[in-house]
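I opened this entry to record what I looked up in one protein chain. I worked from the overall fold down to single residues.

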Amino acid sequence: MDAIVVLVTTSSEEEATRLGKLLVEQQLVACVNILPKMKSIFWWEGQVSEEEECLMILKTRMPIFKDLEDTILAQHSYEVPEIIALPIVVGSQPYLSWVYDMTRTTVDDNE
């Protein structure tokens with residue numbers, strides 16, 4: 001399988017929910033988990049910044065990552081959003097099959 005987990009941070013729970021619904025509707029992800037109100041500390045524009053953010057955990061497949069990334073970049077409020085893909089090394093076969101069934105099988109699907 002080519003399943004991956006993608007991590008994306010957003011400025012608010014509302015933005016994460018809006019973006020998550022869009023990604024599921026477009027079959028770019030099978031599932032979105034939203035973890036609200038985490039604290040992020042990072043370098044930005046020459047100084048240490050501290051912000052409250054939400055973390056989105058997306059389950060999808062590697063062949064459609066580029067479409068997923070392009071959609072997030074077009075819809076996200078950040079100039080440089082975090083979009084990080086991690087491989088799923090092993091997992092429940094029924095769950096991974098569901099991820100495959102719920103996402104586009106090619107980049108041309110549903111466009």
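The entries below go from the model and its fold to the sheet, the core and one residue of strand 2.

**Model.** I worked on a predicted model, in which local features need pLDDT of at least 70 and side-chain atom pairs count only at pLDDT 80 or more, while totals for chains, interfaces and linings use all residues. Residues are numbered from 1 along each chain as its sequence is written, and side-chain values use heavy atoms, with hydrogens and water left out.

**Overall fold.** I found three helices and four strands, running β-α-β-β-α-β-α from the N terminus on. Helices (H or I, at least four residues) and strands (E, at least two) are DSSP runs, numbered from the N terminus. The C-alpha atoms fill a box of roughly 45 × 30 × 25 Å along the principal axes. I then checked the radius of gyration, taken over C-alpha atoms against a globule rule of 2.2 Å times the number of residues to the power 0.38. The protein has 14 Å, which agrees with the value near 13 Å for a compact globule of 111 residues. Of the contacts (heavy atoms within 4.5 Å) with a separation of 6 or more, 75% join residues 24 or more positions apart.

**Surface.** I noted about 6600 Å² of exposed area, of which carbon and sulfur atoms supply 56%; areas come from the Shrake-Rupley method with a 1.4 Å probe, and for residues only the protein chains shown count as cover. Buried residues make up 35% of the 111. Buried means under 20% relative accessible area, exposed over 50%, and partly exposed in between (1.4 Å probe, protein chains only).

**Sheet.** In what order do the four strands of the open sheet lie? I read the order 2-3-1-4, with antiparallel pairing; two strands pair if DSSP finds at least two bridges between them. Strand 2 (31-44) and strand 4 (83-87) are the edge strands, each pairing on one side only. The twist averages 30° from one strand to the next. Strand 2 and strand 3 pair over twelve antiparallel bridges. Helix 2 packs on the sheet against strand 1, strand 3 and strand 4, and its direction makes about 155° with that of strand 4. Helix 3 (residues 93-102) touches strand 1, strand 2 and strand 3, at about 95° to strand 3. Axes are lines fitted to C-alpha atoms, for helices over the stretch in contact, and angles run from 0 to 180 degrees between N-to-C directions.

**Pairing details.** Within strand 3, I57 is the bridge partner of N33, and E50 stands opposite I41. The hairpin of strand 2 and strand 3 has two residues between the strands, and E45 there takes a positive phi near 50°. Strand 1 and strand 3 run antiparallel, joined by eight bridges; T10 stands opposite C54 of strand 3.

**Core.** I looked up the largest nonpolar core, meaning buried Ala, Val, Leu, Ile, Met, Phe, Trp, Tyr and Cys residues joined through side-chain atoms within 4.5 Å. This core has 16 residues, and those with the most contacts inside it include V6, L23, L58 and I72. Strand 1 (3-10), helix 1 (13-25), strand 3 (47-61) and helix 2 (65-75) each give two or more residues to the core. Leaving out residues up to four places away in sequence, L58 touches ten listed residues, among them I4, V8, V29, C31 and L68.

**F42.** Is F42, in strand 2, buried or partly exposed? F42 counts as partly exposed because its relative accessibility is 30%. F42 stands opposite S49 in strand 3. Beyond four places in sequence, F42 touches Q47, V48, S49 and E51.
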